[in-house]
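This report looks at one strand, its neighbours in the sheet and the nonpolar core of the chain. Please keep the sequence and the model in view while reading.

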Amino acid sequence: MNEKIEIERLLAKFSGANLNGLNFLIELALDLSWYWDHSADEIWENLDPHLWEQTHNPWVVLKTVSFNKLKLFLEDQVILDKINKVKSKKHPVPGNYWFQKNHADSPLTTVAYFSMEFMLSEALPIYSGGLGNVAGDQLKAANDLGIPVVAVGLLYQRGYFRQIIDREGEQQEIYIQNDPGQLPIIPLRTATGEWLRLKIEFPGQTVWLRCWEVQVGQVRLFLLDSNDVANYPAHRGITSELYGGGQELRLEQEIVLGIGGWRLLKELNIDPEICHLNEGHSAFVLLERARQFMQQTGLSFDAALSATRAGNLFTTHTAVPAGFDRFSPQLIGHYLGTYAEKELGITLQELLALGRLNPVDSGEYFNLAYLAIRGSGAVNGVSKLHGQVSRELFQQLFPRWPREAVPVKHVTNGVHMRSWDSKAADELWTKFCGKPRWMGTTEMLDEHIRDVNDEDLWEMRNASRQVLIEFIRKRLPLTLAASGASPELIGIADQILDPDTLTLGFARRFASYKRPTLLLYNQERLLRIIRNTSRPVQLVIAGKAHPGDPEGRAMIKEWVTFSRREDLRSHVVFLSDYDMYLAGLMVQGVDVWLNNPRRPWEASGTSGMKVLVNGGLNLSELDGWWDEAFHPEVGWALGDGKSHGNDPNWDDFEAEQMYDLLEKEIIPEFYNRDGAGIPRAWTSKIRKSMSLLTPRFSTNRTLIEYLDQYYLPMAHNVRKRMADNGEIGSKIFQWKQVLHENWQKMKFIELDVEKAEDFYTFNVRLFLIGIIPEQISVEVYADGVNGAKPTVTEMTCTSIKYDGDQEYRYSAKVDSSRNQNDYTIRVIPKYKGVAVPLEENLIFWHH
């Protein structure tokens, strides 16, 4: 309905003209699947070659071209044939997607995916970096697989900053206004054609939110923005920029995203089973979801939350405590105090307790990650190592529980390979694996890609490297001119780099924990490596520093200064204004991708995954995804698999380790050629990296893991809890109340252990008041040994009446190969379908 109205409005400009194909061109330009489906690229290039090269934005091309030119264009039968060819493949048969074929009877109808940023295309600049990358790629994979996802984010008036490097090598930030008319988005309209606007109450004033829609294949992304003329000027600026301003602006944005976002879905009659939080920024959605269920059922807030949380999934990307959003109690009270009391029916202190480690500490700040955990039915990190790190970060929320039991699992991130492969790589994968290779599971891809011969692999790599070098030679003169460089320097910029030279790439946010200047530790040694005349190396560097991070800005200057040395200008280049388009060309063209964060501070990292599909290799710290991906046959590793904090001596060690790997392994393997000029050891590594890692670190695998581990079982669970006006959710809350009222009255009376040949028999008497055996689990517990999981054996019980209360005898047999003292008895809450300790963290140990 919305797209049809927008098309009609545009067609009105061309009234009286019979423009065959225009309807479809508009539809095509507004669907961001053109970012990875390049079947229509030739159409847009033919319509306006210069503008297409500059923007890669079909919507801008279509809206900018003149009426006469468009009329002539669409009268060309050759063009119409191309349009019809694209149109014939545009709309797959309904029900023909992987999800519909494999989960036709699923209880899952909708996943609502909330994120502060989405990286879908440089044509829609509402992203900063890794978090947006994950969100955007997962939406694209949901489209490919047919998983029913809608998404909610914010439309920023300025987005993240654009970067210029000045004459002194300093980063300068420029904020460019996002003109909605030039973005591939449309206003979200009601059935009557009225622009959908929501209202949300802020202190002393109503704030109006405009609603927009972005089409990502069959996935819809809804964006909210506050730049409505009915708003007070300060409120119009709430969605002014991504990650800008202070704590108050951040809180306002997160209220809009969470509370406003859920209200938007309800306004559209979208009722998701799953609410997936991509980081804690949108945690207020959990409150609003519970509030609306309260309205629907008449339940209290606590009972409503017990019902709805079963459908909430919190994905954390943070590896350090400082990374979580925290707000003062006064700020939370100012913005949400009335909401808590009048809408949720709880006190401000009860609201604050949801975001605090110590609920009664009046000075403790409100932590959004804590709120997300206490309002969700599952929590996951984004790599195996990050899952371990997150269990350490959140252990304090689960006192007396073993670290291994802290309820944070992991789903390792992946990337949308179709968005990141080069033309040469796409042709190679298509030849051996077929065009629909990323439209389902990926089990067979590794077998097919192993059949690629060395010659084809090397041809692909040379072609992709050539494209990158040509792009840099075109782009660098423009960026140098913008920075005020001399005419002489600008004049030779189109001659830099060599398409036959080993090319290393490093691009990411410049922050101290990422150690972007580690390679500059010993510049003399690095110079010898780069300027080796028989086996040269060239470096392509890019990245931005947060405007408020002087250390990151200084590291950018260090690289820029190094790259401007007269003897290095043709070997080292720093590319300013790193964005999605530049990232794509870099991961497609470089031979080796460098990544050297301090372990374990990179939660996952995805940039190195993007080179896999293109035959690039990784030289990376054993952190994030590379910690589980590395094998000597597929790349190179830095570090020893341990964490060393900020130890400068360890930085020195790893810098030397990097130089050693370059000199002794990487460079020789790249330049050792056979009679046909092919580096066989290098192409062997490429083949193994492409076959073993590309399918494994694709968003296909990631989304299917989310589906199997979370979306499907959680959809079943939340439906049960919310049925019959939340009857089960209400009973769960009552169960928790009983436990809290009586837990401290519990006591062990006697423990007896009998030893047989192969097992121990543990017998224990437990005294309970107000609690019955069905509400708890009594277990024999032993810590894991040598990295193994803990041993947990549930005990069986019989009851004996004792003075009106209950004394219970529990018994269990356990393996006697371990020492008897390794085992202890514990009591934990138990209720079918309830995640313990996530939803109830009580625990009682025998001492």
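Two strands are said to pair if DSSP finds at least two bridges between them, and strands (E, at least two residues) and helices (H or I, at least four residues) are DSSP runs numbered from the N terminus. The model is predicted, so local features need pLDDT of at least 70 and side-chain atom pairs count only at pLDDT 80 or more, whereas totals for chains, interfaces and linings use all residues. Residues are numbered from 1 along each chain as its sequence is written, and side-chain values use heavy atoms, with hydrogens and water left out.

Strand E16 (residues 537-542) has two parallel partners, as set out here.

| Strand pair | Bridges | Example of bridge partners |
|---|---|---|
| E15 (residues 502-507) and E16 | 6 bridges | Gly505 and Val540 |
| E16 and E17 (residues 572-575) | 4 bridges | Ile541 and Phe574 |

Helix H23 (residues 523-530) joins E15 and E16 in a right-handed β-α-β unit, and helix H24 (residues 550-563) forms another such right-handed unit with E16 and E17; right-handed means that, with the strands pointing away from the viewer, the path from the first strand over the helix to the second runs clockwise.

In a regular strand the side chains alternate between the two faces of the sheet. In E16, Val537, Leu539 and Ile541 on one side and Gln538, Val540 and Ala542 on the other are all buried (under 20% relative accessible area, with a 1.4 Å probe and protein chains only).

Trp559 is in contact (heavy atoms within 4.5 Å) with residues including Leu539, Ile541, Val572 and Phe574, not counting residues up to four places away in sequence.

Notes. Buried < 20%, exposed > 50% of the residue type's maximum accessible area, 1.4 Å probe, protein only.
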